[in-house]
Amino acid sequence: MTEGGVDVHPLREEEFEAVCSHLPGRSRAHHRSRLDEQHAGRFVYLIAWIDGVPAGHVGIGFPDDRRVADRCEWGDRALVSDLWVEPAFRGRGAGRALMVELERRCREAGVEEIGLDSGVHDGYAAARNLYRSLGYTDRGGAFVSSETMPPGAGLPYFIEILTIWTKSLRD
């Protein structure tokens, strides 16, 4: 899908090296893990391209009984994973284009609700404003999230304070 000069589509195997080179905020192992999950049909890893260059990414995890923790926490919601736009491309519509395509794919898959989490510090202000403008609702409160990172990610773990946002696609 192309919106406002931004092309958004799932990562293709032949684009993997370009994504690793131009989206260095995530390790090669992280990109590979997402692509492998996509190949297995459990995840869609959307990449935004501006002028033929990878500018950002977001993932969609669809409800799946094999992911018990996500299913218990999020229920039947699709789960947004890691919206990111490289600083040089911010303000050009890549984040919005990624989220619009993500929502389109959720509707196409019959998913009626989307959930995501967002950091609370100022670095996430633009993302929170985007979510708000797209009709997501901050559910209030905050929680601590942590996870073990894949090999080669730099740090062995990740920890952050987050808020939960949801959106109904029932229209």
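**Figure 1. D51, an exposed residue with a positive phi.** In this predicted model, D51 is exposed, and its relative accessible area is 67%. You will find D51 in the loop between β3 (43–50) and β4 (53–61). The backbone here deserves a second look: phi of D51 is positive, about 50 degrees, although D51 is not a glycine. For background, most residues other than glycine have a negative phi.

**Figure 2. D82, a positive phi within a strand.** Here the view moves to strand β5 (residues 78–85), where D82 has its place. D82 is another residue other than glycine with a positive phi, near 65 degrees. Is D82 buried, partly exposed or exposed? With 24% relative accessibility, D82 counts as partly exposed, because that class begins where the buried class, under 20%, ends.

**Figure 3. Q38 and its contacts.** Helix α2 (residues 28–39) is the home of Q38. The relative accessible area of Q38 is 15%, so this residue is buried. Which residues does Q38 touch, leaving aside those up to four places away in sequence? The list is P10, L11, F43, V44 and Y45. Of the elements already introduced, β3 covers residues 43–50, so as you look around Q38 you can pick out F43, V44 and Y45 as members of that strand.

**Figure 4. Strand β9 beside strand β6.** Welcome to β9, which spans residues 157–168 and pairs with strand β6 (residues 113–119). The two run in the antiparallel sense, and seven bridges connect them. To find your bearings, start from E113: its bridge partner in β9 is S168.

**Figure 5. Strand β9 beside strands β7 and β8.** Strand β9 also pairs with β7, a strand of residues 137–138. How many bridges join β7 to β9? There are two, and these strands run antiparallel. At T137, the bridge partner in β9 is T166. Strand β8 (residues 143–148) pairs with β9 as well, again in the antiparallel sense, over six bridges. A handy landmark for this pairing is F143, which stands opposite L162 in β9.

**Figure 6. A nonpolar patch on the surface.** Five names are worth locating in this view: V120, V144, Y157, I159 and I161 make a nonpolar surface patch of about 500 Å². Which strand gives the patch its largest share? That share comes from β9, with three residues. One residue to pause on is I161, which lies in strand β9. I161 is partly exposed, with a relative accessible area of 46%. A patch residue needs over 30% relative accessible area, so I161 meets that requirement.

**Figure 7. Stepping back to the whole chain.** After the close-ups, here is the setting they share. The protein chain has five helices and nine strands. Reading from the N terminus, the elements follow the order β-β-α-α-β-β-α-β-α-β-α-β-β-β. Of the 171 residues in the protein chain, 40% are buried. Among contacts with a separation of 6 or more, 63% are between residues 24 or more positions apart. The accessible surface of the chain comes to about 8900 Å², and carbon and sulfur atoms account for 51% of this surface.

Key:
Residues are numbered from 1 along each chain as its sequence is written. This is a predicted model: local features need pLDDT of at least 70, side-chain atom pairs count only at pLDDT 80 or more; totals for chains, interfaces and linings use all residues. Side-chain values use heavy atoms; hydrogens and water are left out. Two strands pair if DSSP finds at least two bridges between them. Helices (H or I, at least four residues) and strands (E, at least two) are DSSP runs, numbered from the N terminus. Buried means under 20% relative accessible area, exposed over 50%, partly exposed in between (1.4 Å probe, protein chains only). Contact means heavy atoms within 4.5 Å. Patches are made of residues with over 30% relative accessible area and no salt bridge: like charges are joined within 9 Å, nonpolar side chains (Val, Leu, Ile, Met, Phe, Trp, Tyr) within 5 Å. Accessible areas come from the Shrake-Rupley method with a 1.4 Å probe; for residues, only the protein chains shown count as cover. A salt bridge is a side-chain nitrogen of Lys or Arg within 4 Å of a carboxyl oxygen of Asp or Glu.
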